[in-house]
Amino acid sequence: MALEDNLAALNSCPYLFLVSYEEAPDVLDLRIVVHEARAEKELTSVNTGDAKIDRVLGDAYAVTSEPSFRAFTITFENYVGFSVRNESYANPEPEEDYSKKLRSYSQSTFLEFIQSSTFAQQIQDEPILHFAVICVDHVVDVACAAPPHVELKSIGDDQ
């Protein structure tokens with residue numbers, strides 16, 4: 001499957017769970033593994049352990065992942081910097097594209113941070129871009145000069 005097809009498959013996922021991130025296959029390459037997740041078809045009771053909160057939250061559709069769903073390995077080569085944020089506290093960018101799970105920016109607050117805290121843009125031939133992988137509970141921000149490679153398989157094959 002072509003990179004564009006894998007990227008379209010990634011962006012078509014209703015939700016993503018962040019499974020892992022590591023420097024690989026080479027030093028200064030970042031490998032991120034995410035699993036597709038979907039909302040269950042039936043409502044379930046929220047059980048936080050606090051009856052007052054449970055009453056306020058009511059019932060919800062649980063978001064889960066299964067072995068037949070898709071797994072994606074996203075590899076950023078020669079990254080300049082990356083960050084993993086709690087998505088509950090992440091501020092959106094002014095021109096946020098909510099239709100994509102893998103977003104790219106040529107201007108962002110993360111890029112401003114990278115540009116002010118590194119000299120990478122002074123020695124890179126290509127402009128540094130900001131990519132963000134949007135997951136349930138996490139946002140992974142990566143600064144690098146080239147788009148990532150996206151590999152696709154089923155979760156069952158990934159375990």
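How many residues does the largest nonpolar core have, and which of them have the most contacts inside it? In this predicted model, the answer is 20 residues, with Ile32, Val34, Ile74, Phe76, Val133 and Val142 having the most contacts within the core. Several parts of the chain chip in: α1 (3-12), β1 (15-23), β2 (30-45), β4, β7 and β8 (138-144) each give two or more residues to it. That fits a general habit: in soluble globular proteins, nonpolar side chains tend to be buried together.

Let's zoom in on Phe76, one of those well-connected core residues. Leaving aside its neighbours within four places in sequence, Phe76 touches Leu28, Asp29, Leu30, Ile32, Leu102, Phe131, Val133, Val142, Cys144 and Pro148. Phe131, on that list, is also a ring partner: the two form a tilted aromatic pair, 5.9 Å centre to centre with 45° between the planes. Phe76 sits in strand β4 (residues 70-76) and Phe131 in strand β7 (residues 129-134), so their pairing ties together parts that are 55 residues apart in sequence. Both Phe76 and Phe131 are buried.

That pair has company, as the model holds 4 aromatic pairs. Another one joins Tyr79 and Phe82, this time edge-to-face, at 5.3 Å centre to centre and 80° between the planes. How buried or exposed are these two? Tyr79 has 12% relative accessibility and counts as buried, because the cut-off for that is under 20%. Phe82, at 31%, counts as partly exposed. Ring pairs also bring in Tyr21, which makes a cluster with Tyr79 and Phe82.

Rings can have charged company too. Over at Phe69, the charged end of Arg38 sits over the ring, 3.9 Å from its centre.

Now back to the cores. Apart from the largest one lies another, of 6 residues, including Phe110, Leu111, Ile114 and Ala120. Where do some of these come from? Look at helix α3 (residues 109-117), where Phe110, Leu111 and Ile114 are buried. If you peer down the axis of α3, its buried residues fall within an arc of 95°, so they line one face of the helix. Turn to the face pointing away from that buried side and you'll find the exposed residues Thr109, Glu112 and Ser116. And what covers the buried residues of α3? The cover includes β5 (81-86), β6 (102-105), β7 and β8. Two of these strands may ring a bell: β7 and β8 also give residues to the largest core.

Technical notes: Residues are numbered from 1 along each chain as its sequence is written. This is a predicted model: local features need pLDDT of at least 70, side-chain atom pairs count only at pLDDT 80 or more; totals for chains, interfaces and linings use all residues. Side-chain values use heavy atoms; hydrogens and water are left out. Rings of Phe, Tyr and Trp (its six-membered ring) pair if their centres lie within 6.5 Å; planes under 30 degrees apart count as stacked, over 60 as edge-to-face and the rest as tilted. Helices (H or I, at least four residues) and strands (E, at least two) are DSSP runs, numbered from the N terminus. Buried means under 20% relative accessible area, exposed over 50%, partly exposed in between (1.4 Å probe, protein chains only). A charge sits over a ring if NZ of Lys or CZ of Arg is within 6 Å of the ring centre and within 35 degrees of the ring normal. A nonpolar core is a set of buried Ala, Val, Leu, Ile, Met, Phe, Trp, Tyr and Cys residues joined through side-chain atoms within 4.5 Å. Contact means heavy atoms within 4.5 Å. The arc is that of the directions from the helix axis to the C-beta atoms.
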